[in-house]
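Please open the model in your viewer, switch on the cartoon and keep side chains ready to display, as the tour moves from strands to charged pairs.

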Amino acid sequence: MCGVDTKHFDHTDSSFFDIHAVITESDYSNENINLHTSEKQNVNYKHVQQDYNRSCIISVAIQFKSKCHYSMGLCICDTLNFRFQIAEALDNEHFTVLESVILQVNPESCLISVSSDIITFKRIDQILTTCNVKKVYQDNLMGQWNIFERSFSRLLVSQGMLASLCKEFDSYLIQMSVYKLVTHLNLTMSPFYNNKFSLSAYYIEDYMCLDKASFSALNIFNKNGPSLYNLLNNCRTLIGSRRLYRWISQPLTSIKEISQRHDVVESFANDPCCCRLIQAQFLRKVPDLDSIIVKMKLMDSDEIIVRKNSSQLLSFEDVYRLYECIGATEHLLNCILVNYIGDHKEVIESYFTNPLIEIVGRFKQYQLLVEQTVDFTQAAMGNYVLNPMLHPDLHDIEVKRKCAYDHIVYLKNKMIKELFPEQIKANICNDKHTDDIIKLINCNDYIYLFRVKKKDYPIIQSKMEKSGIEQVKHNKTEFLFTTEALRNLCKDVSKLTNQHDMIQKEISIKALKVASSYWILVERFSGIISKLDILLGFATLVTTSVGRYVRPNMVSGGIIDLVQSRHPLVEINIDHGSFVSNDIRIDRDRRVHIITGPNMGGKSTLIRQIGLICCMAQIGSFVPCNRATLSVFKKVLCRVGASDIQQRGLSTFMAEMVEASAILKVADRDSLVIIDELGRGTSTFEGFGIAWGILDHLIKNEAFVLCATHFHELSNLSNKKKCVINKNMGVTNMSNTTTIITFTYNVCEGSSNLSYGINIAEMVKMPQEVVDNARIKLAMLEGGTNILNEGFKTQDFSAFCGFISHVSIFNTLK
C-alpha cells in the first residue's frame, strides 16, 4: 500500500460563486442535513458540557418491588450528542445494576426519584459519592404523561422514535425518569431543542457489568499509577482518547462485535507501516471535533449573541481546521482505504471506507463554502480571516487601508530625515539601516505612535515645536509621540477598519451559521475517526510492546485458556523479560481455582491479571499472552481490598462483607469472581467459615471463581466439589536452611500448607527476638499444644472444618 499524499488541494481551480446566494439559499443542505438559519432566541445552553468525558445526565426512578428487590427506570441524556436512552431493570438492595450503569455512562449528575416506601437512601448515596457523581434527589410526583408526551415528542428528530419504543414507555418508572430529566433541564421551554434529540433503548446487557470495586482492583482508571486506560491510550487525537474512556467503561458482551474490533486491530498490526502512516499523516490533522461540535451547536442556536467568551464561539479557524481534516480524509480514502487489499477487507470497508466515502461526499458544499469564505493566503500564516475578495467593498476598503498605512510609513521616514540628518549620514557611511531610528508601534488609543529610544530624546526635544511633535509618553527607556498628520491618518485607518469589521462581521456570521448547521454530519464523522484512532492505538500496542500480545479466540461455552499470560501493568514497570508468565486453564468442569502460597508470592497479581485480560479482550484489544481462548463474561466482580472504607464510614471487615454480599446477589454462570484474602478482617475461625460459605454459594451459582487465600484448609473443598482446583505459587529454598526462601512466581498444581509469613518477617529485618518467639508459638500451635488457658488443638479445627461445610452462607452473613 502507498502512503498518504498530504498536499493541499488546488483552491485556485474552484470557480467563484456568489457567496450571498449560497448563504441564503434554503436548498443548500445535503440529504438529511438541516441547514436552515434558526430564528434568534435566548437559549439557555448551559447543558453542553466542556468536560466531554462527562457530558451525560442520568435520571433514575426507583420503586420497591419485593423483599430485597427494586424496580428501576432509567433515562440517560447525552447533552453533547443530543441523545436520549431509556432502560428498565430489576435491582437488588445493593443497587449493583445501578452502580454498573453509573460507571458505564460516567454522568456528571444523577437525578434520583424514589417512591415513599423506600426507607433509606444510604446505599444509593454511597454509590454516587464513590463514583464522584453529583446527587439531585427529587420527589416521585409527575404531571399527566399524555400532556407531557406531546412536548417531549417535539424534542425528537423523528416522531417514529417514540412510537418504536411504545412498549418501554408503558412503564411508569421510565415515564417518570424521562419527565424528571426533561423538566430539570427545561428542554421543552425553548424551541431550539425541537427536533434535535435521538431516542433509543439502552441495553444494559450489551456491556460487561463492572462495579467500583472491580475498577479499583483491576486499575482500570488509576490517577496515581499505571492503569488500563494509560496502557491502551495510544490515540493521536483528543476525540479518540475521550471515546476510549467510554470503551473501557463498557466492555462488550457480543462475540460478533468483539471479533470485528479484533479484525481491525489484526489488520493494522499485520501492517505496521500503514498504521504509522495513518497516525502520522492523517490523525495529526484531526482537530478537537468535540469542541467544534459544541461551538457549532451554540452558533446554530444563536447563543453566540449573548456569549462573551471568544473561546466558546465558532471561528474561521475551527471551520478551516475541519476543512483540512476533510481534505486529509479524502487522501486517506484515495491512497489507503479504497485500495486496501489486506486482511479483513470487509470489516475495514464497513467500519471506515464506506461511511467515510458517504460523509466526505456530503461535505462537498461545505468545502466550497470554506474555499470561497476563508482567506487561504492568510490561513497559511496562521491568520484565519474572511476572504477580502468575497465582497467588493471589502476589497476597496482593504486597498484604502493599505494606502493609509503606506502614508504612515512615508511620514515616519520623512520624520527620520528631518530629525536625524547627521545620524543618517553616519549610518550610510557605516552601511547601517536608518529605518529603525524611529519605530512605528501599535497603540489601542492612538492606533499608531512613533517611538524613539531615550538616548535620542534630546535631539527631538530641541525640534518639537518646529516639527509639530506632540508628546504622548516619556519614561526611562523610551519617548512616544505623534503629530497632527499621523493623527489624521490614524483616524482614516480607524474609520476604514470599523467599516471593514462591520461588513466582515455580517458576512462572517452568515457563513458561520451555514457551516454550523453541519454539526450532525460532524458528529458522525467524529465517531468514525475516533474509532479508527482507538483501534490503531490497539494495533500500536501490539507492535511496540516489549512483551508479546496476541488476538484472543472468543468462544462460547465458558472457558479461560491462557498460555504464558502476563500482567500488562506490572510487566511495563519491571525489567524487560523479568516478568514470570503462567499458563491458566479454567472451564466449566474446573471453574473454581483456590490459590494458596506465600505472602508476596504473586497470588494477587495472578488473579488480577486474569480479570484484566478478560476485560481487555472484550474491549477489543489484544492480550498479553502467547495464546488465548476466552469466553465472554457478562460480569467481572472483585472483592480485593477496601481503600475507601474510611470515607464510607465502614470497618475493613464490614466493607468486605458488604461487597461480598453484593457479589453473591448477582454472580451467575456468566460471571468471573475475583476474591483476594476474604475473611481476613475477623477471627481465624469466623473468617474461614465465611470464606468457605461464600465459595460454596458461588459454586452452586456456577460462577467462575479465582480465590487467593491463606486459609489453606479451603483446599479441602476440592474433596467435596469436583469443580474446585487447587493451585499454589511456587517457592524454593536458596540454601540448606529453611529460613531463606525465594519466590518463583510460577503457578503449581495442588495446595500449599505454608504462608511463609515468618520468613517474610525475617527478610524485612524484623528483630530476631520477635521472629524467634513467633517460631516457638507456631510450633506449639502446629503440635496441638495449649498455648493459652483457653487454647485449642488441631483436631478441634478439623472438626470445625467438617461442621462449617454445612453452614449456609446466609446464616454466616446474617
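Which residue stands opposite leucine 199 in S6? Select phenylalanine 84, which is the residue standing opposite leucine 199, and keep in mind while looking that this is a predicted model. Strand S3 (residues 83-92) and S6 run parallel and are joined by four bridges. Now show the side chains of strand S6 (residues 198-201): Leu199 and Ala201 point to one face and are buried, whereas Ser198 and Ser200 point to the other face and are not buried.

Next, select strand S17 (residues 635-639), where five of the five residues are buried, so the strand is largely enclosed by the rest of the structure. Lys635, Leu637 and Arg639 point one way from S17, while Val636 and Cys638 point the other way. Strand S7 (residues 209-210) runs parallel to S17 and is joined to it by two bridges, with cysteine 209 having lysine 635 as its bridge partner. S17 also pairs in the parallel sense with strand S18 (residues 671-676), over five bridges, and here isoleucine 674 is the bridge partner of cysteine 638.

Turn then to the charged side chains, for which a search of the whole structure finds 32 salt bridges. Among them is the one between aspartate 78 and arginine 83, at 3.0 Å from N to O; aspartate 78 is buried, with a relative accessible area of 4%, whereas arginine 83 is partly exposed at 26%. Finish at arginine 566 and glutamate 571, whose side chains meet in a salt bridge at 2.7 Å, N to O, and which are both buried.

Note on methods. Residues numbered from 1 in each chain as written. Predicted model: local features only at pLDDT ≥ 70, side-chain atom pairs only at ≥ 80, totals over all residues. Heavy atoms only, no water. Buried < 20%, exposed > 50% of the residue type's maximum accessible area, 1.4 Å probe, protein only. Pairing = 2+ DSSP bridges. Salt bridge = Lys/Arg side-chain N within 4 Å of Asp/Glu carboxyl O.
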